[in-house]
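Here is the note you asked for, set out as numbered points to be read beside the model.

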Amino acid sequence: MKIGFIGLGNMGAPMAANLAKAGHEVTGFDVASVTVEGVAKAATAAEAASGRDAVITMLPNGAILSAVMAEIAPAARKGAVLIDCSTVDVAAARAAHEAAAAAGLLSVDAPVSGGVGGAAAGTLTFMCGGSDEAFAAAKPLFEVMGQKAVHCGGPGAGQAAKICNNMILGATMIVTCEAFALADKLGLSRQAMFDVVSTSSGYSWSMNAYCPAPGVGPKSPADNDYKPGFAASLMLKDLTLAQAAAADAGAATPLGEHARALYEAMVAEGGGGMDFSAMLKRLGSMERNAG
Ligand code: NAD
């Protein structure tokens, strides 16, 4: 396929490289003028989109996505599929679908989980929203860039699934860190905590696969000085998107809001570049009810 790829950052560059490696003809554009192996460079987003079978965007936020959509929707060939893999607000995702439909294009919102490692290894999970026809057109590309693509529903459903998942992840990580901080103060060893909880009803991905305490459980960012992994600033972004969606939809999400506020405080204290599991360090050094 002829593919345009817009946004060649930490995630987009390896995703575009994997598509090129699989034999697709990929033309990329990034405002930072990035070079990616096997990917031809376009001078503008419109040029990257023009005449392609599929156009993929991997951008920082919804405002940038909307600006890029305004450029590429008129330039893209009718019937092409636009695939937005960025994590953005549900409202911006729906607006992108509307802009695509108005220009006679198919569109899928397809945010990912799996991080930079998954992007490089081609093992991402895509959470997709859009019509059956659009999902079917995009699926062969998901199969190159990832190991799983779930069609979650209509326009915006992929973003909805992503923020619900990450709200669970943020809150679960915090309470797992809280439990370790409490166990420390109760004189319980971290190894005993892991051995019991990872095989008891308190188990979770945060405990079992990504343990925030160094030296116990499988290797995780905690064992690498909390280098990300998944940075606290990105978790704050996702929890903020979840709260915006909850406010729009009138959904009660008190723990999601508290998780957002705790990551906001961690980022304000300079911890945004650390892995989100470094919440354990912050809680461990905090006095009771310090906020
Ligand atoms: P990044 O900042 O490394 O990359 C974004 C790229 O977009 C940059 O290279 C930037 O120059 C480019 N860009 C900005 N404005 C542009 C424009 N108008 N036209 C063309 N290019 C433009 O970010 P990333 O880590 O690659 O993340 C991309 C998206 O994926 C974000 O929405 C993020 O939330 C999501 N995401 C990231 C991770 C992760 O672990 N990094 C995991 C899951 C999802």
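The points below take up the pocket, the ligand, the cavity and two details of the backbone.

1. The model is predicted, and the remarks that follow should be read with that in mind. Residue numbers run from 1 along each chain as its sequence is written.

2. I would begin with the largest pocket, which encloses about 1,200 Å³ of space. Its lining is made up of 45 residues, of which Met11, Thr87, Gly115, Phe230 and Leu234 are the closest to the centre. By class, 23 of the lining residues are nonpolar, 17 are polar and five are charged.

3. As to which elements build this lining, at least two residues each come from α3, β7 (112-113), α5, α7 (157-185), α9 (205-208) and α10. The largest share belongs to α7, which supplies six residues to the lining of the largest pocket.

4. Where does the ligand sit? The ligand is placed in the largest pocket, and 23 residues are found around the ligand, with Asn10, Met11, Asp30, Leu59 and Lys237 coming nearest. Met11 therefore deserves a look on two counts when the figure is inspected, being listed among the residues closest to the centre of the largest pocket and among those that come nearest to the ligand.

5. The shell around the ligand comprises 14 nonpolar, six polar and three charged residues. Helices α3, α5 (115-121) and α10 (232-249) each contribute at least two residues to this shell, and these three elements also each supply at least two residues of the lining of the largest pocket.

6. Three polar contacts with the ligand can be checked directly in the model. A polar backbone atom of Met11 is 2.8 Å from an oxygen atom of the ligand, while a polar side-chain atom of Lys237 lies 2.9 Å from a ligand oxygen atom. In addition, a backbone N or O atom of Val31 is 3.5 Å from a nitrogen atom of the ligand. On its own the ligand has 830 Å² of accessible area, and 82% of this is covered by the protein.

7. Apart from the pocket, how many cavities of 30 Å³ or more does the structure hold? There is one such cavity, and its volume is about 120 Å³. The lining consists of 15 residues, and those closest to the centre of the cavity are Met69, Leu82, Asp84, Ala96 and Val108.

8. Two or more residues of the cavity lining come from each of β4 (54-57), α3 (62-75), β5 (81-84), α4 (90-102) and β6 (106-109). Among the elements, α4 gives the most, with four residues. The classes represented in this lining are ten nonpolar, three polar and two charged residues. Helix α3 is thus named both for the cavity lining and for the lining of the largest pocket.

9. Finally, two backbone details merit inspection. The peptide bond that runs from Pro228 to Gly229 is cis, with omega near 15 degrees, and Gly229 belongs to the loop between α9 and α10. Ser33, a residue other than glycine, has a positive phi near 50 degrees, and Ser33 is located in the loop between β2 (25-29) and β3 (40-41).

Note on methods:
This is a predicted model: local features need pLDDT of at least 70, side-chain atom pairs count only at pLDDT 80 or more; totals for chains, interfaces and linings use all residues. Side-chain values use heavy atoms; hydrogens and water are left out. On a 1 Å grid over the protein atoms alone, a cavity is a set of points where a 1.4 Å probe fits but cannot get out, and a pocket is an open set with protein on both sides within 12 Å along at least five of seven lines; lining residues have an atom within 4 Å of a point. Grid points are joined across faces, edges and corners, and a volume is the space filled by probe spheres set on the points. Ala, Val, Leu, Ile, Met, Phe, Trp, Tyr, Cys and Pro count as nonpolar, Asp, Glu, Lys and Arg as charged, and the others, Gly among them, as polar. A residue is near a molecule or strand if one of its heavy atoms lies within 4 Å of it. A polar contact is a pair of N or O atoms within 3.5 Å; within protein, one must be able to donate a hydrogen and the other to accept it, and residues adjacent in sequence count only if both atoms are side-chain atoms. Accessible areas come from the Shrake-Rupley method with a 1.4 Å probe; for residues, only the protein chains shown count as cover. A molecule sits in a cavity or pocket if more than half of its atoms lie within 2 Å of its grid points.
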